[in-house]
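Colleague: I'd like to go over the ligand site and one of the helices with you. Can you pull the model up?

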Amino acid sequence: MRINVLTIFPDYLEGPLGLSIPGRAREAGLVEYRLIDVRAYTDDRHRTTDDEPFGGGGGMVMKPEPFDAALTALDRPGRVISLSPRGRPFDHETAVRFALEPDLTLLCGRYKGIDERVIDARVDEEISIGDYVLSGGEPAALVVIDAVVRLLPGALGDHDSASSDSFYDGSLSAPSYTRPAEHGGRHVPDVLRSGDHPRIERWRAAQADAATRRRRPDLLDLDAAD
Ligand code: SAH
């Protein structure tokens with residue numbers, strides 16, 4: 001899979017994409033990241049990527065031409081995603097869907113966002129990572145990339161398998177414990193130390209179900225509506 005990111009701050013992403021699971025997946029050849037500096041696609045002396053908004057109101061807007069030129073220069077854009085608080089909320093299903101794409105291109109805005117004509121003409125989907133406003137699309141792109149890449153076959157070792165994680169089967173996960181068996185006066189539930197794996201599985205399923213009912217009943221309602 002190839003993931004292109006269009007940004008005026010490629011340095012913002014370079015570090016995190018070299019670490020942990022996204023970094024290991026790149027080393028294993030499962031994914032390639034292309035960080036594209038939108039500023040390189042400007043043609044004025046000041047390499048301007050923003051301008052004042054039509055209609056006034058303050059803030060700056062990212063000019064359409066540099067994004068347009070950067071997109072045109074891509075040989076394999078694949079599905080083009082714009083990160084935006086106005087987009088559809090990102091979730092597990094969307095991560096799975098993106099993980100099945102051979103190529104993805106993520107557009108990171110800044111200031112008031114990218115000129116809407118780029119979104120209309122070049123973008124397949126707008127995605128939000130939540131109901132709050134970031135200063136730029138870069139942290140949102142990292143969230144999307146991390147969630148997608150860990151779903152690529154072979155990206156996770158056995159020890160961090162995705163199938164027991166939250167949302168994989170529509171519920172939250174059971175809580176996790178490690179050594180020591182007692183910490184700060186709190187004990188690991190006996191069942192987890194029993195060696196009785198069917199019982200452990202039943203306990204985990206019950207814990208997952210209880211946590212989901214208590215914390216995220218919306219997840220269960222969604223399932224029931226399917
Ligand atoms: N004026 C816009 C906000 C712009 S914030 C509005 O009110 O809708 C600047 C940039 O940060 C956006 O272009 C987008 O790329 C990114 N961004 C901000 N919040 C985001 C969110 N919740 N999800 C994804 N991207 C976000």
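Modeller: Here are the model, the ligand site and then a helix.
This is a predicted model, where local features need pLDDT of at least 70, side-chain atom pairs count only at pLDDT 80 or more, and totals for chains, interfaces and linings use all residues. Residues are numbered from 1 along each chain as its sequence is written, and side-chain values use heavy atoms, with hydrogens and water left out.

Colleague: What makes a residue count as surrounding the ligand?

Modeller: One of its heavy atoms has to lie within 4 Å of the ligand. There are 20 such residues, with Leu83, Gly109, Lys112, Gly130 and Tyr132 the closest. β5 (79-89) gives the largest share, 4 residues.

Colleague: Why is the pair between the ligand and Lys112 called a polar contact?

Modeller: A polar contact is a pair of N or O atoms within 3.5 Å. A ligand nitrogen sits 2.9 Å from a polar backbone atom of Lys112, so the pair qualifies. Leu134 also offers a polar backbone atom, 3.0 Å from a ligand nitrogen, and a backbone N or O atom of Gly137 is 3.4 Å from a ligand oxygen. The protein covers 86% of the 560 Å² of accessible area (Shrake-Rupley method, 1.4 Å probe) that the ligand has on its own.

Colleague: And in helix α2, which residues are called buried?

Modeller: Ile21, Pro22, Gly23 and Ala25. Buried means under 20% relative accessible area (1.4 Å probe, protein chains only), so each of these falls under that cut-off. The buried residues of α2 pack against α1 (10-17), β2 (32-37) and α6 (138-149), with contact meaning heavy atoms within 4.5 Å.

How values were computed: Polar contact = N/O pair within 3.5 Å; in protein donor to acceptor, adjacent residues only side chain to side chain. Helix = DSSP H or I, 4+ residues; strand = E, 2+ residues; numbered from the N terminus. Buried < 20%, exposed > 50% of the residue type's maximum accessible area, 1.4 Å probe, protein only.
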